[in-house]
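Me: I should like to learn how to read the features of a structure such as this one. Could we work through it together?

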Amino acid sequence: MASFLSNRTGILVLIILLYSSHSYLVAQESGVSKKAFWEDVRFGGSLGVNFSNGYFGGFIAPKAIYDFNRYTSAGVGLTGSYNNTSRFSSFTVGASAIGILRPFNPLQLSAEFEEHYVSRDLKFDGANISDDYWYPALFLGLGYLTGPITIGVRYDVLYDDEKSIYANAFMPFVSIYF
């Protein structure tokens, strides 16, 4: 099932990228835009820290996206996180690819594939478990866009409650790109 979903979603992302590329090339051929590549690149991402009674969590997720036109963008990102309590610690590092579609203002649709390397240690009375593995996540998102900020929710269609680094398949998000 997960393979089927990832193949269908991969095809969707490919269609979005091909459409975006075609729109960009048509604009270039018609002389509409002669801007340098970097003028259409925006940078942003997320940064977070969480302190609680005996808990520390932190993450960083820088991203760069290329605006093909006012409707479509695609980009890449890096992610890293660290969590620690008295009975649990984890470290993740990964990368992502994102496709964004803005059919009309202020609606934003997104598809983002993430791949994480996860290293975690669980400490139980009498037994400790160490686990290292790769974990994929494929998020489909819906957001409200206002200026450089998007607020929304995304859903991981590959969610596995035993291996995921996220608490559940639904996740709110705030993204900022400059």
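Me: Let us start with R120. Why does R120 count as buried?

Reply: This is a predicted model, and the values that follow are computed from it. Burial is judged by relative accessible area, with under 20% as the cut-off. R120 has a relative accessible area of 16%, so this residue is buried.

Me: With which residue does the side chain of R120 meet in a salt bridge?

Reply: The general idea is that side chains of opposite charge can pair when their charged atoms come close. In this structure the partner of R120 is D131, with 3.4 Å from N to O. R120 belongs to strand β5 and D131 to strand β6, and the pair links distant parts of the chain, 11 residues apart.

Me: Which residues are joined into one network by salt bridges that share partners?

Reply: The network consists of K63, E112, E114 and R154. Within the whole structure, the search finds eight salt bridges. One of them brings the side chains of K63 and E112 together at 2.8 Å, N to O. It connects distant parts of the chain, since K63 is in strand β2 and E112 in strand β5, 49 residues apart.

Me: Which residue does R154 pair with in a salt bridge?

Reply: R154 also pairs with E112, and their closest N and O atoms are 3.0 Å apart. R154 lies in strand β7 (residues 149-156) and E112 in strand β5, so this salt bridge ties together parts that are 42 residues apart in sequence.

Me: Are these partners buried or exposed?

Reply: K63 and E112 are both buried. For E112 the relative accessible area is 4%, and R154 is buried as well, at 11%.

Me: How should I read the surroundings of a single residue, and what is S110 in contact with?

Reply: One begins with its place in the fold, then its cover, then its contacts. S110 is found in strand β5 and is buried, with a relative accessible area of 16%. Beyond its neighbours within four places in sequence, S110 is in contact with G99, I100, F139, L140 and G141. S110 and R154 are 44 residues apart in sequence, yet their C-alpha atoms are 8.3 Å apart in space.

Me: How many helices and strands does the chain contain, and in what pattern?

Reply: There are one helix and eight strands, which run along the sequence as α-β-β-β-β-β-β-β-β. Among contacts between residues at least 6 apart in sequence, 46% join residues at least 24 apart. Of the 178 residues, 36% count as buried. The accessible surface comes to about 10,800 Å², with 66% of that area belonging to carbon and sulfur atoms.

Me: How does one read a pocket, and which residues are closest to the centre of the largest pocket?

Reply: One considers its volume, then its lining. The largest pocket holds about 910 Å³ of space. It is lined by 45 residues, and those closest to its centre are F59, E114, R154, Y166 and M171. E114 and R154 are also members of the salt-bridge network.

Me: Which strand gives the most to the lining of the largest pocket?

Reply: That strand is β5, with eight residues. Strands that each supply at least two lining residues include β1 (41-52), β2 (55-67) and β8 (170-177). By residue class, the lining divides into 22 nonpolar, 18 polar and five charged residues.

Note on methods:
Residues are numbered from 1 along each chain as its sequence is written. This is a predicted model: local features need pLDDT of at least 70, side-chain atom pairs count only at pLDDT 80 or more; totals for chains, interfaces and linings use all residues. Side-chain values use heavy atoms; hydrogens and water are left out. Helices (H or I, at least four residues) and strands (E, at least two) are DSSP runs, numbered from the N terminus. Buried means under 20% relative accessible area, exposed over 50%, partly exposed in between (1.4 Å probe, protein chains only). Contact means heavy atoms within 4.5 Å. Accessible areas come from the Shrake-Rupley method with a 1.4 Å probe; for residues, only the protein chains shown count as cover. On a 1 Å grid over the protein atoms alone, a cavity is a set of points where a 1.4 Å probe fits but cannot get out, and a pocket is an open set with protein on both sides within 12 Å along at least five of seven lines; lining residues have an atom within 4 Å of a point. Grid points are joined across faces, edges and corners, and a volume is the space filled by probe spheres set on the points. Ala, Val, Leu, Ile, Met, Phe, Trp, Tyr, Cys and Pro count as nonpolar, Asp, Glu, Lys and Arg as charged, and the others, Gly among them, as polar. A salt bridge is a side-chain nitrogen of Lys or Arg within 4 Å of a carboxyl oxygen of Asp or Glu.
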